[in-house]
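User: I am learning how descriptive terms are applied to a protein model, and I would like to go through some of them step by step. Could we look at one together?

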Amino acid sequence: MGEISCSNGNGVNGKSHPLTGYRKSCWYEEEIEENLRWSFALNSILHTAATQYQDIALLDTKPFGKALVIDGKLQSAEVDEFIYHECLVHPPLLHHSNAKSIFIMGGGEGSTAREILRHKTVEKLVMCDIDEEVVEFCKSYLIVNREAFCDPRMELIINDARAELENRKECYDVIIGDLADPIEGGPCYKLYTKSFYEFTIKPRLNPGGIFVTQAGPAGIFSHTEVFSCIYNTLRQVFKYVVPYSAHIPSYADTWGWVMASDSPLALSPEEIDLRMKQRINGENRFLDGKTFSSASTLSKAVRNSLDNETEVYTEGTARFIYGHGKNFQE
């Protein structure tokens, strides 16, 4: 999990302690793999809390500004969260002919909703997050997203996304999986399975509907953790599946997303740029047509891995990224 390591004033690290503690002049350290850690300096620890489902913290970091950490994994950082959220939201909404109704699974910090609500076509947005305390935490501390929570087009639901989708009768043009990473003992790994995609997601998509999910690390070495398996799982359920990735500095890795539909997902860079100009209020900072073309052109090594992936994500054969959730038991 993430830890805070504090200096003793002589340039030597003192004791490390979990995020529940408070110290000045600290470093945040996250164990990415068993033999690999990622560390950066903190200005301060702004807030920590423990919910029924997750441990959360808001850190003021020197290189990345405010950073949200859940279960010891950095989720979002102020200076580069736009890369993640633009990549998650805009490709599916732009590939859809006229996306009016959107459902977000997760998304408690509000950044995904913020990007969706920039689209002029959107008439209704449902955001469903299981953890009310995380949502309230983010509403209180992440000022940049406060307008999204007040937008009359958005309905906030506190519930398990699977139960909510199964109980709702309406369908959606786009469903977005802005879920926590699939870690062992975490609350979300069951929402990456074939059965969930096939029997819960797909029946709730309108004709021509598009599903997209964040899909974990997608680097040259890390893509085999969950990215390739999520891609292959969606290939078993949908006719057209597009994996793409981008480097996110605060994650210390390339990150992946997978977009899926039973309708073709093929727009030229020029068509994407035109739809952006027509449909989106304001300018993107990261994503445009050429950027998406580049993001969806994976390296030879990653393409070969995805082409040869045979594992399908199920509850019994789940893959996890490194780390453990709050409810992990040995």
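User: Where is the place of Asp71?

Analyst: This is a predicted model, and in it Asp71 sits in the loop between strand S6 (65–70) and strand S7 (73–77). Asp71 also has a positive phi of about 50°, although it is not a glycine.

User: Why is Asp71 called buried?

Analyst: The relative accessible area of Asp71 is 8%, and buried means under 20%, so Asp71 with its 8% is counted as buried.

User: Which loop holds Ala252, and is Ala252 buried or partly exposed?

Analyst: Ala252 lies in the loop between strand S13 (240–248) and S14, and it has a positive phi of about 60° although it is not a glycine. Its relative accessible area is 34%, and because the term partly exposed covers values between the 20% limit for buried and the 50% limit for exposed, Ala252 is called partly exposed.

User: What makes Tyr84 and Trp257 a tilted aromatic pair?

Analyst: The structure holds 14 aromatic pairs, and one of them is formed by Tyr84 and Trp257, with 5.9 Å centre to centre and 55° between the planes. Rings pair if their centres lie within 6.5 Å, and planes that are neither under 30 degrees apart nor over 60 count as tilted, so 5.9 Å and 55° make this pair a tilted one. The pair links distant parts of the chain, with Tyr84 in helix H1 (residues 81–95) and Trp257 in strand S14 (residues 253–261), 173 residues apart. Tyr84 and Trp257 are both buried, and they belong to one aromatic cluster whose members include Tyr244 and Phe292.

User: How do you know that Tyr197 and Phe211 are buried?

Analyst: Tyr197 has a relative accessible area of 0%, and Phe211 is at 0% as well; because buried means under 20%, Tyr197 is buried and Phe211 counts as buried. Tyr197 and Phe211 form a tilted aromatic pair, 5.3 Å centre to centre with 55° between the planes. Tyr197 is in helix H6 (residues 194–201), and Phe211 is in strand S12 (residues 205–217).

User: Why is Asp288 called partly exposed, and which residues form a negative surface patch with Asp288?

Analyst: Asp288 has a relative accessible area of 32%, and because this value falls between the limits of 20% and 50%, Asp288 is called partly exposed. The negative surface patch is formed by Asp288 together with Glu270, Glu271 and Asp273. Asp288 is found in the loop between helix H8 (269–279) and helix H9 (289–295).

Methods: Residues are numbered from 1 along each chain as its sequence is written. This is a predicted model: local features need pLDDT of at least 70, side-chain atom pairs count only at pLDDT 80 or more; totals for chains, interfaces and linings use all residues. Side-chain values use heavy atoms; hydrogens and water are left out. Patches are made of residues with over 30% relative accessible area and no salt bridge: like charges are joined within 9 Å, nonpolar side chains (Val, Leu, Ile, Met, Phe, Trp, Tyr) within 5 Å. Accessible areas come from the Shrake-Rupley method with a 1.4 Å probe; for residues, only the protein chains shown count as cover. A salt bridge is a side-chain nitrogen of Lys or Arg within 4 Å of a carboxyl oxygen of Asp or Glu. Lys and Arg count as positive and Asp and Glu as negative; His and the chain ends are not counted. The place of a charge is taken as NZ of Lys, CZ of Arg, CG of Asp or CD of Glu. Helices (H or I, at least four residues) and strands (E, at least two) are DSSP runs, numbered from the N terminus. Buried means under 20% relative accessible area, exposed over 50%, partly exposed in between (1.4 Å probe, protein chains only). Rings of Phe, Tyr and Trp (its six-membered ring) pair if their centres lie within 6.5 Å; planes under 30 degrees apart count as stacked, over 60 as edge-to-face and the rest as tilted.
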